[in-house]
Amino acid sequence: MTYAHEPSVSAEQGDLLKAGRAIYQQNCASCHGVHGEGEPNWQHPDVLGEMPAPPHNAKGHTWKHSDDMLYRLVHDGWRDPFNKTTRLTMPPFGAKLTALEIRGVIEYLKTMWTPEQRDFQRAESRQSPFPPEAR
């Protein structure tokens with residue numbers, strides 16, 4: 001598995017991507033789609049008044065966030081700002097996945113983005129890289 005339009009990745013990076021893909025399929029695809037396409041009508045509030053799970057592919061906005069922010073979202077979960085309860089919209093995976101597994105999922109998401117989106121995200125991540133436990 002490689003990033004489109006980029007040189008081949010190292011064996012270590014390939015293993016991380018392969019593991020990240022498997023973890024994504026097991027833990028994320030049920031909401032975000034097998035191909036990262038998100039839930040239908042993801043740009044409109046659902047019956048609970050919350051935004052459905054967004055796509056992680058090039059049509060979404062995941063690529064706009066730094067590695068640190070993406071890591072925190074997966075590790076700690078996320079509450080939709082329209083959700084006025086204390087319930088998390090996306091569950092935390094920090095107790096279920098290791099830091100390296102979370103990083104693998106995020107690295108896998110990057111394979112869904114355009115080269116320009118990866119460049120933007122890479123620049124964002126220079127200021128906010130993965131936390132030390134995920135490096």
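This passage goes through the aromatic pairs, the nonpolar core, a histidine contact and the salt bridges of a predicted model.

Aromatic pairs come first. A search through the whole structure turns up 2 of them. In one, the ring centres of Tyr24 and Tyr108 sit 5.5 Å apart with the planes at 50°, so this pair is tilted; an angle over 60 degrees would be needed to call a pair edge-to-face, and one under 30 degrees to call it stacked. Tyr24 belongs to helix α1 (residues 11–27) and Tyr108 to helix α4 (residues 99–110), so the pair links distant parts of the chain, 84 residues apart. Both partners, Tyr24 and Tyr108, are buried.

The other pair is made by Trp63 and Phe120, with ring centres 5.3 Å apart and planes at 80°, so here the geometry is edge-to-face. This pair, too, links distant parts of the chain: Trp63 is in the loop between α2 (29–32) and α3 (67–76), Phe120 is in helix α5 (residues 115–127), and their positions lie 57 residues apart in sequence. Trp63 has a relative accessibility of 16% and therefore counts as buried, while Phe120, at 37%, is partly exposed.

Trp63 has some further company. Setting aside neighbours within four places in sequence, its contacts are Ala58, Trp113, Gln117, Phe120 and Gln121. The Trp63 side chain also reaches the backbone oxygen of Gly60, at 3.0 Å. As for Leu88, which is 25 residues from Trp63 along the chain, the two C-alpha atoms are separated by 22 Å.

Back to Tyr24, which also turns up in the nonpolar core. The largest such core has 20 residues, and those touching the most other members are Tyr24, Tyr71, Ile102, Ile106, Met112 and Trp113. Helices α1, α3 and α4 each supply at least two residues of this core, and α4 gives the most, with 6 residues. Not counting residues up to four places away in sequence, Tyr24 touches Ala29, His32, Gly33, Val34, Gly36, His56, Val105, Tyr108, Leu109 and Met112. Its ring partner Tyr108 is therefore on that list, and so is the core member Met112.

His32, another residue touched by Tyr24, is found in helix α2. With a relative accessible area of 8%, His32 is buried. Its side chain is joined to that of His56 by a polar contact of 3.2 Å. Beyond its neighbours within four places in sequence, His32 is in contact with Tyr24, Glu37, Gly38, Ala53, Pro54, His56 and Met90. His56 appears among the contacts of Tyr24 and among those of His32.

On to the charged side chains. The count comes to 7 salt bridges. One of them is between Glu50 and Arg87, whose side chains meet at 2.1 Å, N to O. Glu50 is in the loop between α2 and α3 and Arg87 in the loop between α3 and α4, so this bridge ties together parts that are 37 residues apart in sequence. Glu50 is buried, with a relative accessible area of 5%, whereas Arg87, at 40%, counts as partly exposed.

Another salt bridge joins Asp67 and Lys110, with the closest N and O atoms 2.8 Å apart. Asp67 lies in helix α3 and Lys110 in helix α4, so the pair ties together parts 43 residues apart in sequence. Both of these residues, Asp67 and Lys110, are buried.

Lys110 has a further partner in Glu107, their side chains meeting in a salt bridge at 3.4 Å, N to O. These two are 3 residues apart in helix α4, which means that about one helical turn separates them. Glu107 is buried, as is Lys110. The picture widens once Arg103 is added: Asp67, Arg103, Glu107 and Lys110 are linked in a network of salt bridges.

Helix α4 thus comes up in several places. It holds Tyr108 of the tilted ring pair, supplies 6 residues to the nonpolar core, and carries Lys110, which bridges to Asp67 in α3 and to Glu107 within α4.

Key. Residues numbered from 1 in each chain as written. Predicted model: local features only at pLDDT ≥ 70, side-chain atom pairs only at ≥ 80, totals over all residues. Heavy atoms only, no water. Phe/Tyr/Trp six-rings, centres within 6.5 Å; stacked < 30°, edge-to-face > 60°. Helix = DSSP H or I, 4+ residues; strand = E, 2+ residues; numbered from the N terminus. Buried < 20%, exposed > 50% of the residue type's maximum accessible area, 1.4 Å probe, protein only. Salt bridge = Lys/Arg side-chain N within 4 Å of Asp/Glu carboxyl O. Polar contact = N/O pair within 3.5 Å; in protein donor to acceptor, adjacent residues only side chain to side chain. Contact = heavy atoms within 4.5 Å. Core = buried A, V, L, I, M, F, W, Y, C linked by side-chain atoms within 4.5 Å.
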